[in-house]
Amino acid sequence: MDIKNRYSIELNKISNHLADLERGHIYELTKTPGTPSCATLAQHLREDIAALLDLIQNDKPGVAEKVAEASKNI
């Protein structure tokens, strides 16, 4: 399985953070409660990238693999 498929959930989460930034969906612009600030999005991106790198470097399964495995056991 290639990395893009193996870690699709993790990559999608990072992509969603970037999309929020691209659309200006940040508290500093919208003033909407519950909308993340730029600093919060940056922190989430940093944490999510670090977690993804850990999964890849240590050949750990991603969320998609864990779900697939769990559904086999049902």
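1. Is Lys-31 buried or exposed in this structure? Lys-31 is exposed, because its relative accessible area is 53% and a residue counts as exposed when that value is over 50%. It should be kept in mind throughout this note that the model is a predicted one.

2. On the backbone of Lys-31, the phi angle is near 55 degrees, which is a positive value in a residue that is not glycine, and the residue sits in the loop between H3 and H4. For a reader new to backbone angles, it helps to know that most residues other than glycine have a negative phi.

3. Asp-59 can be read in a similar way, since this residue also has a positive phi, of about 50 degrees, although it is not a glycine. Its place is in the loop between H4 and H5, and at 53% relative accessibility Asp-59 counts as exposed.

4. Turning to the overall fold, the protein has 5 helices and 0 strands, so that, read from the N terminus on, its elements run α-α-α-α-α. The radius of gyration is 15 Å, well over the 11 Å that the globule rule gives for 74 residues, and the protein is therefore more spread out than a compact globule. Along the principal axes, the C-alpha trace spans about 45 × 30 × 15 Å.

5. As for what is covered and what is not, buried residues make up 23% of the 74 residues in the protein. The accessible surface comes to about 5400 Å², and 58% of this surface belongs to carbon and sulfur atoms. Among the contacts between residues at least 6 apart in sequence, 59% join residues that are at least 24 apart.

6. The charged side chains deserve a short remark: the protein has 9 positive and 11 negative ones, and the centres of these two sets lie 2 Å apart.

7. Helix H2, made of residues 8-23, has 16 residues and reaches 22 Å from its first C-alpha to its last, which is close to the 22 Å expected at 1.5 Å a residue. Just after H2 comes Gly-24, whose phi is positive and near 75 degrees.

8. Which residues of H2 are buried? They are Glu-10, Ile-14, His-17, Ala-19 and Asp-20, and what covers them includes helix H1 (3-6), helix H4 (38-57) and helix H5 (63-72). When looking at such a list, it is useful to remember that an α-helix has 3.6 residues a turn, so residues three or four places apart point the same way.

9. His-17, which is found in helix H2, is a good residue to examine in the viewer. It counts as buried because its relative accessibility is 11%, whereas the cut-off for a buried residue is under 20%. If its neighbours within four places in sequence are left aside, His-17 is in contact with Leu-41, His-44, Leu-45 and Asp-48.

10. Pro-33 offers a contrast to His-17 and can be found in the loop between helix H3 (27-30) and H4. With a relative accessible area of 73%, Pro-33 is exposed. The C-alpha atoms of Pro-33 and Ser-8, two residues that are 25 apart along the chain, are separated by 29 Å.

Terms used: Residues numbered from 1 in each chain as written. Predicted model: local features only at pLDDT ≥ 70, side-chain atom pairs only at ≥ 80, totals over all residues. Heavy atoms only, no water. Helix = DSSP H or I, 4+ residues; strand = E, 2+ residues; numbered from the N terminus. Rg over C-alpha atoms; globule rule 2.2 N^0.38 Å. Buried < 20%, exposed > 50% of the residue type's maximum accessible area, 1.4 Å probe, protein only. Contact = heavy atoms within 4.5 Å. Areas by Shrake-Rupley, 256 points an atom, 1.4 Å probe, with all protein chains shown as cover. Lys, Arg positive; Asp, Glu negative; His and termini not counted. Charge placed at Lys NZ, Arg CZ, Asp CG, Glu CD. Expected span 1.5 Å × (residues − 1).
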